[in-house]
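User: I have a new model on the screen and would like to talk it through with you. Can we start with the strands and then move on to other parts?

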Amino acid sequence: MAWYYYINGGNQGPVELAELQRLQERSVISLDTPVWTDGMADWAPFHTTAAAPATTGPTQTCAECGKLFPESEMLQYENSWVCATCKPIFFQRIKEGVAPKGTFVYATIGRRFIAFIADWFALVIITVIPVILIGGSSALLGRRSGLPIYASIAIIAIQWGIPAFYEIFFVGKFGATPGKMLMKIKIVTAEGDRVSYARATGRYFARILSGLILYIGFLMAFWDPEKRALHDRICNTRVVVADA
Ligand SMILES: [Zn+2]
């Protein structure tokens, strides 16, 4: 009987039943792969058909490709299961020190909080000094009633611009602010990759939102299984331990 299977965005086949089963053993197709043969009303996942191995036993989702496989054909590494095809990529990632998908070590709220305070402290120092200098020099120039308009604009620009630049520059360039670096934590995408400047910018503004709602956006990290604050949810980022 001729079987067809659907992988990489296209129909493959026809193949004989034995070949189809061999493809699954070699992880070319997974138990989730849609298959079809004459007599079937529609395409169906391989594991729901009579062609699937009788003794499937427990199945797991591959941490790399996200497909379903029988445990017996997979390899377990810490909390992750990996299929035969993905095994080389998976261990390559580990060798390179990149946390494999699904095995993030999320930064604790305590570490994030200390990083937050450290960044806040750094920003107070960076922004207060120029503000004092501007205010002081205006006073020295003999202005008695309030600051001249250019000095006020400069102060507002410093108070808003420096924190934005600080957050976006460090997160976009290094994946972490100095406070986060100090605490050895970093911001990554859901795939574990570095965040772009665009995402860092989005996250900066989302973070303001987290703070505006009485810091509830920050507190959300407490009850999120992936320790995501509101701004992490909006920007699909995770805060993880840098050397994990
Ligand atoms: Zn896989």
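**Strand pairing and beyond**

Analyst: Strand E3 (residues 34-37) pairs with E4 in the antiparallel sense, over two bridges, and within that pairing Val35 has Ala44 in E4 as its bridge partner. Please keep in mind that this is a predicted model.

User: What sits between the strands in the hairpin of E3 and E4, and which residue there takes a positive phi?

Analyst: That hairpin has six residues between the strands, and Gly39 takes a positive phi near 105°.

User: What is the order of the strands in the open sheet?

Analyst: The open sheet has four strands in the order E2-E1-E3-E4, with antiparallel pairing. Strand E2 (10-15) and strand E4 (44-45) stand at the edges with a single partner strand each, so one side of each has no neighbour in the sheet.

User: How many bridges join E1 to E3, and how many pair E1 with E2?

Analyst: E1 is joined to E3 by three bridges, the two strands running antiparallel, while E1 and E2 pair over four bridges, also in the antiparallel sense. In the hairpin of E1 and E2 there are two residues between the strands, and Asn8 takes a positive phi near 50°.

User: Which residues does Trp3 face in E2 and in E3?

Analyst: In E2 the bridge partner of Trp3 is Val15, and in E3 Trp3 stands opposite Thr37. For Tyr4, the bridge partner in E3 is Trp36.

User: Which residues of E1 are on the covered face, and which on the uncovered one?

Analyst: In E1, Trp3, Tyr5 and Ile7 make up the covered face, whereas Tyr4 and Tyr6 make up the uncovered one. E3 likewise has two faces, with Val35 and Thr37 on the covered face and Pro34 and Trp36 on the uncovered one. The bridge partners Tyr4 and Trp36 are therefore both on uncovered faces, Tyr4 in E1 and Trp36 in E3, in a sheet whose edge strands are E2 and E4.

User: Which helix lies across these strands, and at what angle to E1?

Analyst: Helix H1 (residues 17-25) lies across strand E1 (3-7), E2 and E3, and it runs at about 25° to E1.

User: Changing topic, which residues coordinate the zinc ion?

Analyst: The zinc ion is coordinated through the SG atoms of Cys62, Cys65, Cys83 and Cys86, at 2.2 to 2.4 Å. The site is tetrahedral, with angles of 99 to 121° among the four donor atoms, and in sequence the donor residues follow the spacing C-x2-C-x17-C-x2-C. Distant parts of the chain are linked by the pair Cys62 and Cys83, which are 21 residues apart: Cys62 is in the loop between strand E5 (59-61) and strand E6 (68-70), and Cys83 in the loop between strand E8 (80-82) and helix H2 (87-95).

User: Are those two cysteines buried or exposed?

Analyst: Cys62 is buried, with a relative accessible area of 2%, and Cys83 is buried as well, at 1%.

User: And how is the whole chain divided into domains?

Analyst: The chain is divided into domain 1 (1-56), domain 2 (61-102) and domain 3 (109-241), and the C-alpha centres of domain 1 and domain 3 lie 52 Å apart.

User: Last one: where does Gly192 lie, and is Gly192 buried or exposed?

Analyst: Gly192 lies in the loop between strand E9 (185-189) and helix H6 (197-212). Gly192 counts as buried because its relative accessibility is 18%, the cut-off being under 20%. From C-alpha to C-alpha, Gly192 and Arg238 are 8.1 Å apart in space, although 46 residues separate them in sequence.

How values were computed:
Residues numbered from 1 in each chain as written. Predicted model: local features only at pLDDT ≥ 70, side-chain atom pairs only at ≥ 80, totals over all residues. Heavy atoms only, no water. Donors = N, O, S within 2.8 Å, 3.2 Å for Na, K, Ca; no water. Tetrahedral: all angles 85-135°; square planar, octahedral: opposite > 155°, others 65-115°. Buried < 20%, exposed > 50% of the residue type's maximum accessible area, 1.4 Å probe, protein only. Pairing = 2+ DSSP bridges. Contact = heavy atoms within 4.5 Å. Axes fitted to C-alpha atoms, helices over the stretch in contact; angles between N-to-C directions. Domains from an automatic or database assignment.
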